[in-house]
Amino acid sequence: MQDLGIRVLFMGENFKRLLEGLWVTISISLLSVALSIFLGVLLGMVMTMKNPITKAITKIYLEFIRIMPQLVLLFLVYFGLTKSFGINLSGEVSAVIVFTMWGTAEMGDLVRGALISIPTHQYESGAALGLDKKQIYRYIIIPQTLRRLIPLAINLTTRMIKTTSLIVLIGVVEVLKVAQQIIEANRYTVPDAALWIYGTIFFLYFIVCWPISVLAGKLEKKWRN
């Protein structure tokens, strides 16, 4: 009978190590998303300003982040800053910096779109009721903006979790790096290990990302009606 490589999952602490690697991926993603949401809201508000200088700066930043692949940004931060400026950055910190830069650009554009989608009469109605500018934003504009943003921010979380798989290339011991180590350690005794290890990672990503995607879809559908 052919020896199936599934047994490698239950050898020693292999499965536990995969889960620990997955947690590294998730923790980097969640921290990056949290920072991205905070900074993205600020960036989106700045992007709605009519000042031509701020418009030009934010547009350049947005286009730079969109054009530059995340992998190149990882190499620039992890290898470039270290060698050029003598800054000692770990792979985890470099990953958080890069994905926060990317997430901030994405979130900022979403916030900008949400803010400009609010009809002008909403502002006028608030002013007619005697509300000042801060009250208009607090009671009218921000609640409507949040309803538009929350599903999009949740979708950004799933994208972040999936994209952080790139950090294996800068030496971060996350789930894919652990998988490579397990496969390499058992390549002679369990030659079919790769199929089962990567298949398990597929299901781990699915288990993490699918509920988040479903939640985003339900919120978007609920608040659209």
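Leu 31 sits in helix α1, the helix that covers residues 14-47. Keep in mind as you look around that this is a predicted model. With a relative accessibility of 45%, Leu 31 counts as partly exposed, because the buried class stops under 20% and the exposed class begins over 50%. Leu 31 also has company out there: together with Leu 35, Phe 38, Leu 39, Leu 42 and Met 45, it makes a nonpolar surface patch of about 540 Å².

Met 45 is a handy place to step from the patch to the largest pocket, since this residue belongs to the patch and also appears in the pocket lining. The largest pocket has a volume of about 320 Å³. Who else is on its walls? Besides Met 45, you'll find Thr 48, Met 49 and Lys 50, then Leu 115, Ile 116, Ile 118, Thr 120 and Tyr 123, and finally Lys 133 and Tyr 137. Three elements give two or more residues each to that lining: α4 (91-116), α5 (120-128) and α6 (133-163). Sort the lining by class and you get seven nonpolar residues, two polar ones and two charged ones.

Now for the charged pairs. Side chains of opposite charge can pair when their charged atoms come close. How many salt bridges does the model have? The count comes to four, and a good one to begin with is the pair made by the side chains of Arg 66 and Asp 109, with 2.3 Å from N to O. Arg 66 lies in helix α2 (residues 52-67) and Asp 109 in helix α4, so this salt bridge ties together parts of the chain that are 43 residues apart in sequence.

Are the two partners buried or exposed? Arg 66 has a relative accessible area of 44%, so it is classed as partly exposed. Asp 109, on the other hand, comes in at 16% and therefore counts as buried.

Asp 109 has another partner as well. Arg 112 forms a salt bridge with Asp 109, and here the closest N and O atoms are 3.1 Å apart. This pair stays within one element: Arg 112 and Asp 109 both lie in helix α4, three residues apart, or about one turn of the helix. Arg 112 is partly exposed, its relative accessible area being 26%. Put the pieces together and Arg 66, Asp 109 and Arg 112 are linked in a network of salt bridges.

Elsewhere in the chain, Glu 184 pairs with Arg 187 in a salt bridge whose closest N and O atoms are 3.3 Å apart. Glu 184 is partly exposed at 46% relative accessibility, and Arg 187 is partly exposed too, with a relative accessible area of 43%.

Next, take a look at helix α6, which already came up at the pocket. Arg 147, Arg 148 and Leu 149 are worth picking out one by one. Arg 147 is found in helix α6 and is partly exposed, with a relative accessible area of 41%. Its C-alpha is 9.8 Å from that of Lys 222, although the two residues are 75 residues apart in sequence. Arg 148, again in helix α6, is partly exposed with a relative accessible area of 34%. From Arg 148 to Val 111, the C-alpha atoms are separated by 8.8 Å, with the two positions 37 residues apart along the chain.

Leu 149 is also found in helix α6, but here the relative accessible area is 5%, so Leu 149 is buried. Measure across to Gly 103, 46 residues apart from Leu 149 along the chain, and the C-alpha atoms are separated by 13 Å.

Follow the chain out of α6 and you come to Val 172, in the loop between α6 and α7 (175-185). Is Val 172 buried or exposed? At 1% relative accessibility it counts as buried, because the class takes in anything under 20%. Val 172 also brings you back to the early part of the chain: its C-alpha is 8.7 Å from that of Val 24, and the two are 148 residues apart in sequence.

Conventions: Residues are numbered from 1 along each chain as its sequence is written. This is a predicted model: local features need pLDDT of at least 70, side-chain atom pairs count only at pLDDT 80 or more; totals for chains, interfaces and linings use all residues. Side-chain values use heavy atoms; hydrogens and water are left out. Patches are made of residues with over 30% relative accessible area and no salt bridge: like charges are joined within 9 Å, nonpolar side chains (Val, Leu, Ile, Met, Phe, Trp, Tyr) within 5 Å. Accessible areas come from the Shrake-Rupley method with a 1.4 Å probe; for residues, only the protein chains shown count as cover. Helices (H or I, at least four residues) and strands (E, at least two) are DSSP runs, numbered from the N terminus. Buried means under 20% relative accessible area, exposed over 50%, partly exposed in between (1.4 Å probe, protein chains only). On a 1 Å grid over the protein atoms alone, a cavity is a set of points where a 1.4 Å probe fits but cannot get out, and a pocket is an open set with protein on both sides within 12 Å along at least five of seven lines; lining residues have an atom within 4 Å of a point. Grid points are joined across faces, edges and corners, and a volume is the space filled by probe spheres set on the points. Ala, Val, Leu, Ile, Met, Phe, Trp, Tyr, Cys and Pro count as nonpolar, Asp, Glu, Lys and Arg as charged, and the others, Gly among them, as polar.
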